[in-house]
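Colleague: I have a model with a ligand in it. Can you show me how to read its pockets?

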Amino acid sequence: MDVRPAEEQEIDQLANIWYQGWLDAHDQIVPAELKRIRTRESFGPRLKALLSSVRVAGPPGAPLGLCIVKDDELYQLYVSAEARGSGVAAALISDAEALLAEAGYETAWLACAIGNDRAARFYEKCGWRRVGNMINHLEIESGVFDLEVWRYEKALPRRQ
Ligand SMILES: CC(C)(COP(=O)(O)OP(=O)(O)OC[C@H]1O[C@@H](n2cnc3c(N)ncnc32)[C@H](O)[C@@H]1OP(=O)(O)O)[C@@H](O)C(=O)NCCC(=O)NCCS
């Protein structure tokens, strides 16, 4: 499964994948206030702003999942419901890890909502280790929303 940069024409499809995946994973486990903030409409502008760092799996015009890295953070990873369990997520995370290693980071980290057990199992399967809880400062339109999360880390191969 090839992983490639996102195309501008895919923003709407990718925003759907992100929003639907966010709901699937978080609806039952995050505070009601955060659910009110994360509307479908809020995902398009966030994606547009991040477009140059969005990596995608799936044919052009028919994306199956997306991944975004930010500095040393694996910032977002979302796969469409149909593509879960198919290896798409593994392709995206391995591309992200390669980018992080290539950028010179020795350790990468990510935040996972407490209780997102499927994602946690996936990260552990990929060699990430839960190192504890942390307060994540989520970006929202009016500033930040603080949420306690599980912090995962992974040591990356040294750049040659
Ligand atoms: C997280 C995500 C990218 C993982 O991709 P995936 O294709 O579902 O991952 P896989 O199917 O390879 O692995 C998931 C593992 O969790 C297991 N699993 C499924 N449901 C589970 C549950 N409710 N609790 C615990 N484990 C669960 C699966 O059996 C599988 O483990 P196995 O391979 O040992 O059987 C994908 O599920 C997704 O997009 N989820 C919604 C968005 C999300 O949570 N993103 C991450 C935000 S931190």
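Modeller: We go from the pockets to the ligand and its contacts. Keep in mind that this model is predicted.

Colleague: How is empty space found, and what volume does the largest pocket have?

Modeller: Rolling a probe the size of a water molecule over the atoms shows where empty space is left. Here the largest pocket has a volume of about 970 Å³. The second largest pocket holds about 160 Å³.

Colleague: Which residues of the largest pocket lie nearest its centre?

Modeller: Its lining counts 43 residues, and Leu77, Tyr78, Asn116, Ala119 and Tyr123 lie nearest the centre. β4 gives the largest share of this lining, seven residues. By class, the lining has 24 nonpolar, nine polar and 10 charged residues.

Colleague: Where does the ligand sit?

Modeller: In the largest pocket. The shell around the ligand has 17 residues, and Gly85, Asn116, Arg118, Arg121 and Lys125 come nearest. α5 (117-125) gives the most to this shell, with seven residues.

Colleague: Which atoms of Asn116 and Lys125 should I look at?

Modeller: Look at the polar side-chain atoms. One from Asn116 lies 2.9 Å from a ligand oxygen. One from Lys125 lies 2.8 Å from a ligand oxygen. With Leu77, look at the backbone instead: a polar atom there is 2.9 Å from a ligand nitrogen.

Colleague: How much of the ligand does the protein bury?

Modeller: Taken alone, the ligand exposes 940 Å², and the protein buries 71% of that.

Colleague: And what lines the second largest pocket?

Modeller: Its lining includes Ile37, Arg38 and Glu139. The largest share, three residues, comes from α3.

Methods. Residues are numbered from 1 along each chain as its sequence is written. This is a predicted model: local features need pLDDT of at least 70, side-chain atom pairs count only at pLDDT 80 or more; totals for chains, interfaces and linings use all residues. Side-chain values use heavy atoms; hydrogens and water are left out. A residue is near a molecule or strand if one of its heavy atoms lies within 4 Å of it. A polar contact is a pair of N or O atoms within 3.5 Å; within protein, one must be able to donate a hydrogen and the other to accept it, and residues adjacent in sequence count only if both atoms are side-chain atoms. Accessible areas come from the Shrake-Rupley method with a 1.4 Å probe; for residues, only the protein chains shown count as cover. On a 1 Å grid over the protein atoms alone, a cavity is a set of points where a 1.4 Å probe fits but cannot get out, and a pocket is an open set with protein on both sides within 12 Å along at least five of seven lines; lining residues have an atom within 4 Å of a point. A molecule sits in a cavity or pocket if more than half of its atoms lie within 2 Å of its grid points. Helices (H or I, at least four residues) and strands (E, at least two) are DSSP runs, numbered from the N terminus. Grid points are joined across faces, edges and corners, and a volume is the space filled by probe spheres set on the points. Ala, Val, Leu, Ile, Met, Phe, Trp, Tyr, Cys and Pro count as nonpolar, Asp, Glu, Lys and Arg as charged, and the others, Gly among them, as polar.
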